[in-house]
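Here are a few notes to read alongside the model. Keep the 3D view open and click through the residues as they come up.

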Amino acid sequence: MKSSQQTGVSELLFATAGATVDTAPLAIPETERPPDTGKWLRQVPGNHSADKRENPSPRMRNWVHFGYVLVDVLLICTNGLLAFTVRFAAIPPGGGLWHAWPKLAPGFPVGQYASFLLLQTILIVLFCQSQDLYRTPRGRSMKQESWAVIRAVCFATLVLTAFIFISNAKIVSREVLGTSTALSMVTLVAWRAWKRRLVTRRVAHGSGAKNTLIIGSGSVAQQLARYLEENKQLGYKVLGFLDGDRGDDPRHLGRIEDLPWVARAQFVDEIFVTIPSERDLVKRLVGEACRQQLNVKVVPELYDGLGWNAPLHHIGGLPVMELNRQPIPAVGLFLKRLMDLIFGGVLAILGAPLMLLAAMAIKLDSPGPIIHSARRVGHKGRKFQCYKLRTMVADAEAQKEELLHLNERNGATFKIANDPRITLVGRFLRRFSIDEFPQLLNVLRGEMSLVGPRPHPQEDFDQYRLEDLRRLDVLPGITGLWQVSARQDASFETNVNLDLEYINNWNLFFDMKILLKTIPEVLRGSGY
């Protein structure tokens with residue numbers, strides 16, 4: 001049995017640094033006390049309060065997680081072997097499926113297929129871990145969990161395909177890869193659905209369900225009760241509410257001061273506190289829960305709805321609610337970077353002859369360097385050297401002050417359609433965006449991306465308004481939403497709005513769409 005000083009407080013407990021639990025009993029009138037608060041109730045058969053189940057220990061949780069990983073590994077390996085068999089099986093005449101194991105020719109690259117299967121298994125497990133599929137958060141719906149599995153398998157397959165392409169391991173059959181991927185999606189989703197159905201049926205029959213009491217009866221308490229009742233797989237049976245305001249709810253079991261009596265009479269296992277702003281009362285409730293051996297969960301302050309569905313993390317032992325998330329997730333950043341490296345490298349190789357011809361034309365056209373290097377402000381305000389083919393006269397910066405009154409842009413940027421500083425060759429290079437090719441070096445160095453907001457010089461950055469700084473939340477890009485949808489619009493406000501639209505709606509398909517739209521835009525010669 002648990003010590004009277006121990007309480008199972010979940011990750012939702014609203015903690016205050018240095019706060020102590022008030023162990024003074026809640027005030028209960030003598031006439032309302034149960035006749036015996038001693039050991040008699042612990043001897044009642046079926047009283048869960050007498051034999052409270054401990055929360056799973058970290059070691060037990062680790063074993064459960066290991067079991068989930070092991071099931072995934074077995075399914076992925078089985079799928080790979082099945083896909084291999086389907087691709088290379090030859091059923092002899094008069095035989096059956098039992099005799100379908102492929103008879104491989106001498107020298108068949110079995111080792112490469114075994115390595116492929118091992119790499120596929122590792123990648124899928126890693127991406128499943130990144131999708132939080134081994135922690136089993138019960139608040140996630142079956143649809144959300146299924147999409148998480150599909151994303152994990154698709155991401156793993158994309159990385160594996162890129163590896164096969166780069167390593168030139170063309171001996172691996174595309175049919176084997178496609179079949180094993182499809183089978184993994186189906187089986188990993190299916191066994192999780194079976195596990196969820198099993199848990200739901202056990203809870204529906206009363207096995208493992210916790211008798212739950214909710215402190216408070218406001219809108220948060222009502223929504224919590226409704227959610228717990230609609231999601232039986234969570235393992236909670238809501239008994240009712242304790243609150244000072246009785247109202248008309250038949251599930252109102254009494255006042256908050258009645259907790260000791262109600263907890264024993266209703267065989268309560270766990271309480272949810274939905275009034276975190278009343279700090280002293282919460283501390284007294286936790287103290288009483290310790291004496292009654294009840295698990296306690298406290299719904300934190302939700303700040304008028306800002307905290308709905310907000311993830312909770314722990315930093316230095318302190319629960320931290322994340323009210324706003326970064327625009328691009330970690331896995332998305334990794335895949336975006338991978339795409340930048342692959343496509344950036346290919347474009348740099350294919351564009352090398354064109355850059356060589358452009359360099360010769362620049363040298364013959366006007367004196368000065370071939371490459372123009374300028375200081376730009378990038379991701380999170382970091383400064384970097386941005387490279388372009390020189391399209392202006394050598395002293396272009398010195399002439400800029402004299403031309404400021406001709407600026408056609410509203411806001412922080414400086415742009416003139418018929419800039420007199422642009423050379424003859426430079427005008428052609430700008431028209432077809434050939435001058436941007438050296439920025440592929442910035443992409444490969446991780447200072448820029450293929451797609452993103454354009455980087456601005458320091459003098460333009462100094463004129464940013466506070467709301468304009470959001471465009472620096474992501475890496476700057478060679479092309480972007482503004483270039484393919486409003487390139488001739490001189491308004492800086494339009495530029496910023498399109499950049500923010502890109503940031504708020506980012507995904508890999510959005511990047512691919514912008515890259516594909518950039519091709520006809522470049523060929524049309526709409527740059528200036």
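**Notes on the fold and a few of its residues**

1. Start with the overall make-up: the chain has 16 helices and 12 strands. Both are DSSP runs, numbered from the N terminus, with helices being H or I of at least four residues and strands being E of at least two. A word on the ground rules: this is a predicted model, where local features need pLDDT of at least 70, side-chain atom pairs count only at pLDDT 80 or more, and totals for chains, interfaces and linings use all residues. Residues are numbered from 1 along each chain as its sequence is written, and side-chain values use heavy atoms, with hydrogens and water left out.

2. How much of the chain is buried? Buried residues make up 41% of the 528 residues. Here buried means under 20% relative accessible area, exposed means over 50%, and partly exposed is in between (1.4 Å probe, protein chains only). Of the contacts in the chain with a separation of 6 or more, 72% come from residues 24 or more positions apart; a contact means heavy atoms within 4.5 Å.

3. Now for the rings: the structure holds 6 aromatic pairs. Rings of Phe, Tyr and Trp (its six-membered ring) pair if their centres lie within 6.5 Å; planes under 30 degrees apart count as stacked, over 60 as edge-to-face and the rest as tilted. One of the pairs is Phe127 with Phe155: the ring centres are 6.0 Å apart and the planes are at 50°, so this pair is tilted. The pair links distant parts of the chain, with Phe127 in helix α2 (residues 110-130) and Phe155 in helix α3 (residues 142-167), 28 residues apart. Both Phe127 and Phe155 are buried.

4. Tyr502 and Phe510 also pair up, and they are tilted because their planes are at 45°, with the ring centres 5.8 Å apart. Both Tyr502 and Phe510 are buried.

5. Go back to Phe127 and look for Phe334, which lies in helix α8 (residues 330-350). Leaving aside neighbours within four places in sequence, Phe334 is in contact with Phe127 and Val159. Is Phe334 buried or partly exposed? With a relative accessible area of 43%, Phe334 is partly exposed.

6. Lys195 is worth a click. Its charged end sits over the ring of Tyr68, 4.3 Å from the centre, and Lys195 also lies over the face of Trp191, at 5.4 Å from the ring centre. The rule for a charge over a ring is that NZ of Lys or CZ of Arg is within 6 Å of the ring centre and within 35 degrees of the ring normal.

7. Trp191 turns up again in the surroundings of Asp72, a residue of helix α1 (residues 58-88). Apart from neighbours within four places in sequence, Asp72 is in contact with Cys128, Tyr134, Leu188, Trp191 and Arg192. Asp72 counts as buried because its relative accessibility is 0%.

8. Two backbone spots to check: Asp132 has a positive phi of about 60° although it is not a glycine, and phi of Ser433 is near 60°, again a positive value in a residue other than glycine. Asp132 is in the loop between α2 and α3, while Ser433 is in the loop between α11 (424-431) and α12 (439-444). Asp132 is partly exposed at 25% relative accessibility, whereas Ser433, at 12%, is buried.

9. Arg390 sits in the loop between β9 (383-389) and α10 (396-403). What is its relative accessible area? The value is 6%, so Arg390 is buried. Arg390 and His372 are 18 residues apart in sequence and 4.9 Å apart in space, C-alpha to C-alpha. Not counting residues up to four places away in sequence, Arg390 touches Ile362, Ser366, Pro367, Gly368, Pro369, Ile370 and His372.

10. Val296 belongs to strand β5 (residues 295-298) and counts as buried at 1% relative accessibility. Its C-alpha atom is separated by 5.8 Å from that of Glu270, 26 residues apart along the chain.
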